[in-house]
Amino acid sequence: MLTTIAAVTLGTLFLGGCKPKTPGSVETGDAASKVYVAPGKYDEFYNILSGGFNGQMSVVGLPSGRVFKIIPVFSVHPENGYGYSEESKPMLNTSNGFVPWDDLHHIALSTTKGEHDGRWAFGNANNTPRVARIDLTTFETAEILEIPNSGGNHSSPFITENTEYLVASSRFSVPIGDDKQRDVPIDTYKENFKGTISFVRIAPEDGALSIAFQLVTPGVNFDLARAGKGKSHGWFFFSTYNTELAHTLLEVNASQKDKDFILAVNWKKAEEYIKAGKGIKVKARYAHNKLEHGTQIAKSTIREEVIQLNIKDFPDIAYFIPCPKSPHGTDVDPTGEYIIGSGKLAAQIPVFSFTKLMKAIENKDFEGKFDGMPVIKYESALHGIVEKPGLGPLHTEFDGKGNAYTSMFVSSEVVKWNIERLEVIDRVPTYYSVGHLMIPGGPTAKPHGKYLVAYNKITKDRYLPTGPELCHSAQLYDISGEKMKLLLDFPTIGEPHYGEALPAALIMKKQVKFYRLEDNTHPYAVKSEEETKIERKGKEVHVYMTSIRSHFGPDNIEGIKIGDEVYFHVTNLEQDWDVPHGFAVKGAKTAELLIMPGVTQTLKWVPERVGVFPFYCTDFCSALHQEMQGYIRVSPAGSNVSLKYSLGN
Amino acid sequence: MKKLFKSIGILILSAGIWYGCEAPAEEKGSSGDENLTAGQSAVQDEDSKPNVVQIAVGSADHTTLVTAVKAAELVDVLSNVGPFTVFAPVNEAFDKLPAGTVENLLKPDQKTALADILQYHVYVGVIRPNMIKDGMSLNQVSGGNVTLAKSGDEITINGARVLGSVEASNGIVYIIDQVLLPK
């Protein structure tokens, strides 16, 4: 029977052209002029956009949609040697050793008093749980911190109002503790699997990351989170799903209950308990990697302890608020009063009131318990419900004018609605299947408004097709008026999940143009061609090399033998903007180096064959770039060719 | 079971003879004007496995359902990646409703009511026959719950009989003999 049915499906004809055209939803005429940034002019906003399964962030200009840079974060990047050079490899170290890839979903830009301050961007690694800090003066990954006791770091790296903390909460609960506690049957999930919420402290002076404390929770899946702001500063809201605590076929088993929860955490209270010494120190193992300023070398340190509080033991730090059907986004409006839950399988959007929540807590207005902890009565925390806003609500951002914009995955649209009145004002289609959406400053206390970008998962017929794998897309809308207007549709790199955007004026003047040579404290740095040299330490050969337009020093090297490990430490002597030099040597089983002016980078090369091998500059640096080359001679093991090097003779 | 075979037989006969609605999809050139506003259902792809909408459209037994899905503007929604489990009442099921019900629901001012009923026939997620358990409850897109019953090979949903099922690219379609009315 099934085979005949299969035949039906093969014979079924294509359905096309039935969609009623909706003229007016798309602006064509002057849309181009609204996104046109004339040659030599700047975009108004930087959009820092996650790269999803590419493990990077993209820097995109708005409104043009032009891509300026890929910032490698959790994935190696042959383009500039990130994760290949000896200096950058430790940045990708973890308790599991070197991990060359991850899945970066969300961006958080640092804020002060809830407003963008342009210091740092943060990103999360979903697979091998980590968080990263990007310095917005260099657009480089400055720090990566691994998160222990977590099975997957999706609900991250959302930050508090003054960037006191970022959170890293576990999407996948796992058994935690010592080896014996972790080696348990999977079907003992309910008893043994725990969620954790890590509060990662961000040092105000330099952004340094450290795990302040971890909250241990029941084994629900944490999905997304947002901090309170203004009146709700001091609280954090986490969406949860799989409150059924299923461990198999979640697509069915985690959708059984009518309501899951938003977990409201009073982190100021948790902080007090930690200060009072109520936390329990537990053994853990996680890497903390940081780029050193002077040397530009990433240093990896393994840390072995975290402080935990089990929320069960501290009933006044965490409250469960029921929220319909596997909420995805939990978004706090600019005033801090409203918390929007987007039950991705719900036909409505519940809006919770912080004031009512506080009152419900005060009055102990509870409707039951979850794992022994109080569950707030749904109606008591509820401001109201947006009924039938669209299908598959995922995420909500704000324009600062009392409106919310929610992405609808299943019905492929963005819906604008008024928060106070809970009324839908406008809806526009997306092409197709929108995930996150973003308004510049949308998650902050002071949205910059003007544009909205929808990040779409499906692009089928939107661009020239490129085989089975198609790009994801971003769609830019003008939201300055009552009605949203589609202006532009542009492809993105990797899978953009979430992004944030901030006014260019906040950071463009702070950009580092080059690194000062006198500040370079790299142990193998050379500050002039006179200092270049080669040192042999047994089988290790260290080449102290320089690069400047348009040669390497030295550029002729002899006396290398099979069995040697050659380290090319190349210092770029340029002190000029936009003049990196590249370095590549034939047969190197690694990527090139792309060395910024004033920086020293190291490429490890283990020759396996006798001969003379060229090396050259890979970045077109000057009119004589093609001349920027050299040779290194490799002789058999035991040969008596002596070590020598030269430039120009 | 006899009825099931009959229904599927009709489905086979009807497959391949559906020619789309009045205005066929236009060829998209580099001007791209046409695909500015068309939804996901307008994607031109005759190679991939059909989705739940295309399966319904290909069935002569589901013309009423297809008319309703179009009137409720759910064609694009159901062309989404989903995945969906769709309970698709046959034409006779609609005929069993009180006279005038369908005509009334197809009126433009009844779009919300119609969408509500149709969304009561859709679950987000794929429930294959072997996953159905007697007494299983599903929370449908409309927000209402349906109850499945299973006895041997017989599956019912809110009492409606499942006549057969068809795998779609974005889910599964169960052919049923009654319209499900939200409780």
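Which residue in the turn of the hairpin formed by S2(A) and S3(A) has a positive phi? It is Gly65(A), with phi of about 80°, and four residues lie between the two strands. The model is a predicted one, in which local features need pLDDT of at least 70, side-chain atom pairs count only at pLDDT 80 or more, and totals for chains, interfaces and linings use all residues. Residues are numbered from 1 along each chain as its sequence is written, chains are lettered from A and ligands numbered from 1 in the order in which they are written, and side-chain values use heavy atoms, with hydrogens and water left out.

## The hairpin and its surroundings in chain A

Let us stay with this hairpin for a moment. S2(A) and S3(A) run antiparallel and are joined by five bridges (two strands pair if DSSP finds at least two bridges between them). One facing pair is Ser58(A) and Ile70(A), the latter in S3(A). Helices (H or I, at least four residues) and strands (E, at least two) are DSSP runs, numbered from the N terminus. The loop between S2 (56–62) and S3 (67–72) of chain A also holds Pro63(A), and the peptide bond leading from Leu62(A) to Pro63(A) is cis, with omega near 15°.

A second cis peptide bond links Arg549(A) and Ser550(A), with omega about 0°. Ser550(A) sits in the loop between strand S36 (540–548) and strand S37 (551–553) of chain A.

Two loop residues other than glycine have a positive phi, and the table sets them side by side.

| Residue | Phi | Loop in chain A | Relative accessibility |
|---|---|---|---|
| Thr163(A) | near 60° | between S9 (140–146) and S10 (165–169) | 2%, buried |
| Asp578(A) | near 65° | between S39 (565–572) and S40 (581–585) | 67%, exposed |

Here buried means under 20% relative accessible area and exposed over 50%, with partly exposed in between (1.4 Å probe, protein chains only). Thr163(A) counts as buried because its relative accessibility is 2%, whereas Asp578(A), at 67%, is exposed.

## The largest pocket

S3(A) turns up again here, as the element that gives the most to the lining of the largest pocket, with five residues. A pocket, on a 1 Å grid over the protein atoms alone, is an open set of points where a 1.4 Å probe fits, with protein on both sides within 12 Å along at least five of seven lines; a cavity is a set of such points from which the probe cannot get out, and lining residues have an atom within 4 Å of a point. The largest pocket holds about 1,500 Å³ of space, where grid points are joined across faces, edges and corners and a volume is the space filled by probe spheres set on the points.

Its lining comprises 48 residues, and Lys69(A), Thr138(A), Phe139(A), Val512(A) and Met596(A) lie nearest the centre. Two or more lining residues come from each of strand S1 (45–50), S2, S3, S9 and strand S41 (593–595) of chain A. By kind, the lining has 26 nonpolar, 12 polar and 10 charged residues (Ala, Val, Leu, Ile, Met, Phe, Trp, Tyr, Cys and Pro count as nonpolar, Asp, Glu, Lys and Arg as charged, and the others, Gly among them, as polar).

## Chain B and its core

Chain B has six helices and seven strands, in the order α-α-α-β-α-α-α-β-β-β-β-β-β. Of its 183 residues, 54% are buried.

The largest nonpolar core has 39 residues, and those touching the most other members are Val52(B), Val69(B), Leu74(B), Leu78(B), Phe84(B), Val86(B) and Leu118(B). Such a core is a set of buried Ala, Val, Leu, Ile, Met, Phe, Trp, Tyr and Cys residues joined through side-chain atoms within 4.5 Å. H2(B) gives the most to this core, with five residues.

Leu118(B) is also one of the buried residues of helix H6 (residues 111–119) of chain B. The cover over the buried residues of H6(B) includes helix H3 (63–71), helix H5 (101–105) and strand S2 (122–124) of chain B.

Finally, Asn80(B) lies in the loop between H3 and S1 of chain B and, at 0% relative accessibility, counts as buried. Leaving aside neighbours within four places in sequence, Asn80(B) is in contact (heavy atoms within 4.5 Å) with residues of chain A and chain B, including Phe409(A), Ser433(A), Gln40(B) and Asn170(B).
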